[in-house]
Amino acid sequence: MQTDTVSRFLHALSPAHRETVRQLPREQQERLAEQWEGYLSDDTDLLSLSELDPAGAEAAAAAHVVKDLG
């Protein structure tokens with residue numbers, strides 16, 4: 001089980017976004033991972049999904065966080 005937030009965030013990303021984020025400075029990766037965790041815990045739709053499909057909820061939150069990275 002991965003406990004590092006950045007590692008968990010990277011794992012939740014699609015392969016294309018994962019490579020984009022890996023190329024960013026570690027500090028920026030950490031900020032994105034923190035946003036991801038916040039989005040996971042604050043979005044009520046994802047809270048319901050996380051009970052049924054935890055990996056799906058993590059992937060949806062990760063996609064939301066990186067949607068503007070291009």
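This is a short dialogue on how to read the helices of a predicted model.

Reader: Happy to start with the overall picture. How many helices and strands are there in the protein?

Author: The protein has five helices and zero strands. Followed along the sequence, the pattern reads α-α-α-α-α. Of its 70 residues, 30% count as buried.

Reader: Let's take helix 3. What should the 17 residues of helix 3 span, at 1.5 Å a residue?

Author: The expected span is 1.5 Å times one less than the number of residues. For helix 3, residues 26-42, that gives 24 Å, and the C-alpha atoms at its ends are 24 Å apart, so expectation and model agree.

Reader: Which residues of helix 3 are buried?

Author: A residue is called buried when its relative accessible area is under 20%. In helix 3 the buried residues are Gln29, Leu32, Ala33, Trp36 and Leu40. Viewed down the helix axis, they fall within an arc of 100°, so these buried residues line one face of helix 3.

Reader: And which residues are exposed on the other side of helix 3?

Author: There you will find Glu27, Glu34 and Asp42 exposed.

Reader: What about residues in between, such as Arg31 and Glu37?

Author: Partly exposed covers the range between under 20% and over 50% relative accessible area. Arg31, in helix 3, has a relative accessible area of 42%, so it is partly exposed. Glu37 also lies in helix 3, and its relative accessibility of 31% makes it partly exposed. Each can be paired with Val6 for a look at distance. The C-alpha atoms of Arg31 and Val6 are separated by 8.9 Å, with their positions 25 residues apart along the chain. For Glu37 and Val6, the C-alpha to C-alpha distance is 9.9 Å, and they are 31 residues apart in sequence.

Reader: Trp36 caught my eye. How many aromatic pairs does a search of the whole structure find?

Author: The search finds one aromatic pair. To read such a pair, look at the ring centres and the angle between planes: under 30 degrees counts as stacked, over 60 as edge-to-face and the rest as tilted. Here the rings of Phe9 and Trp36 have centres 5.7 Å apart and planes at 50°, so the pair is tilted. Phe9 belongs to helix 1 (residues 5-12) and Trp36 to helix 3, so the pair ties together parts 27 residues apart in sequence. Both Phe9 and Trp36 are buried.

Reader: Last one: how do I describe two packed helices?

Author: You give the angle between their axes and the distance between the axes. Try helix 3 and helix 5 (residues 54-66): their axes come within 9 Å and cross at roughly 125°. That angle makes helix 3 oblique to helix 5. The crossing of helix 3 and helix 5 is right-handed.

Notes
Residues numbered from 1 in each chain as written. Predicted model: local features only at pLDDT ≥ 70, side-chain atom pairs only at ≥ 80, totals over all residues. Heavy atoms only, no water. Helix = DSSP H or I, 4+ residues; strand = E, 2+ residues; numbered from the N terminus. Buried < 20%, exposed > 50% of the residue type's maximum accessible area, 1.4 Å probe, protein only. Arc of directions from axis to C-beta. Phe/Tyr/Trp six-rings, centres within 6.5 Å; stacked < 30°, edge-to-face > 60°. Axes fitted to C-alpha atoms, helices over the stretch in contact; angles between N-to-C directions. Parallel < 35°, antiparallel > 145°, perpendicular 65-115°, else oblique. Left-handed = near helix turned anticlockwise from the far one by under 90°.
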